[in-house]
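Please open the structure in your viewer and keep the selection tool at hand. This tour goes from stop to stop, telling you what to select and what is there.

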Amino acid sequence: MPELPEVETIARDIRPHLVGAVIRGVRVLKADILRGIGPREFERSLAGRRVAAVGRRAKHVVIALDDGRRIVIQPRMTGSLMVSAVPASPDKYVAISAPLSTGLQLTYRDVRRLGAIHLLSAEAWTRYDARIGPEPLEAGFTAARLAVALAGGRLAVKKALMDQRRLAGVGNIYANEALWSAGIDPSRSARSVTSDEARRLHHALVRILRRSIRRRGTTVRDYRTGTGEPGAYQSRLNVYGRARRPCRRCGRRIVLTHAVDARATYFCPGCQH
Ligand SMILES: [Zn+2]
């Protein structure tokens, strides 16, 4: 958390305010969220740079600068990224603030500081990007491509779906939801998934991710959009967070287990086997 739909929502919200703007100065208030770069160097590197593009890759917001470098932000559990008017009151959870030439301010806030921020050269970004699997919402991502991503895995299909080297952007919430929708037991090995099941799973995954983006993501706890609001997809979840409640398809009680991976796995014993 946040996963593909949430990070996509953040990127879409901040993009119109950032692209073309010049970063006037940067203040790093919590240096421990930076990776591979010190706070002073980070501040120096960004000051005066123009933002060329804002996008998403897997669960990262990627801000491309006019010198080719990329600010790569992974909000993880409690991070949020926002462009707003300068806040009136100081906030102790602000980790980075960057005033922009437009008068607005880019702020990264992180309550537990579990997030991570990299500043990568164009070449380092290319290498980083190459280690991440295909994007499920890209045109070239077909059911056959999903089957390839799952192939050769002894690990549980749910774990394979969440493995960022196999597939980008899917985490615990959407893996649970997609497997329920496709009627596949999350504990089954990835390589046991048939081509028919891969087709169903592909369809479910793409549909669920798109729907969640339309509803601006899922807020279970801390996730906020790029405008500071909660998402709205949580009311549409079919299994995640619904332990012991009746399955919306067959009426059996949803089961919560931690036996598949270390994470919470929700499934319906009636229609996922
Ligand atoms: Zn069911």
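Select Arg166 first and follow its side chain, which reaches the backbone oxygen of Ala149 at 2.8 Å and the backbone oxygen of Ala151 at 3.5 Å; each is a polar contact, meaning a pair of N or O atoms within 3.5 Å, where within protein one must be able to donate a hydrogen and the other to accept it, and where residues adjacent in sequence count only if both atoms are side-chain atoms. This is a predicted model, in which local features need pLDDT of at least 70 and side-chain atom pairs count only at pLDDT 80 or more, while totals for chains, interfaces and linings use all residues. Residues are numbered from 1 along each chain as its sequence is written, and side-chain values use heavy atoms, with hydrogens and water left out.

Arg166 is found in the loop between helix H5 (157-162) and helix H6 (172-182), helices being DSSP runs of H or I with at least four residues, and strands runs of E with at least two, numbered from the N terminus. Is Arg166 buried or exposed? Arg166 has a relative accessible area of 19% and is therefore buried, a term for under 20%, with exposed over 50% and partly exposed in between (1.4 Å probe, protein chains only).

Next, select helix H1 (residues 4-18). Of its 15 residues, 11 are buried, so H1 is largely enclosed by the rest of the structure; among the buried ones are Leu4, Ile10 and Leu18. After H1 comes Gly20, whose phi is positive, near 95°.

Finally, select Cys268 and Cys271, both of which are buried.

Terms used. Expected span 1.5 Å × (residues − 1).
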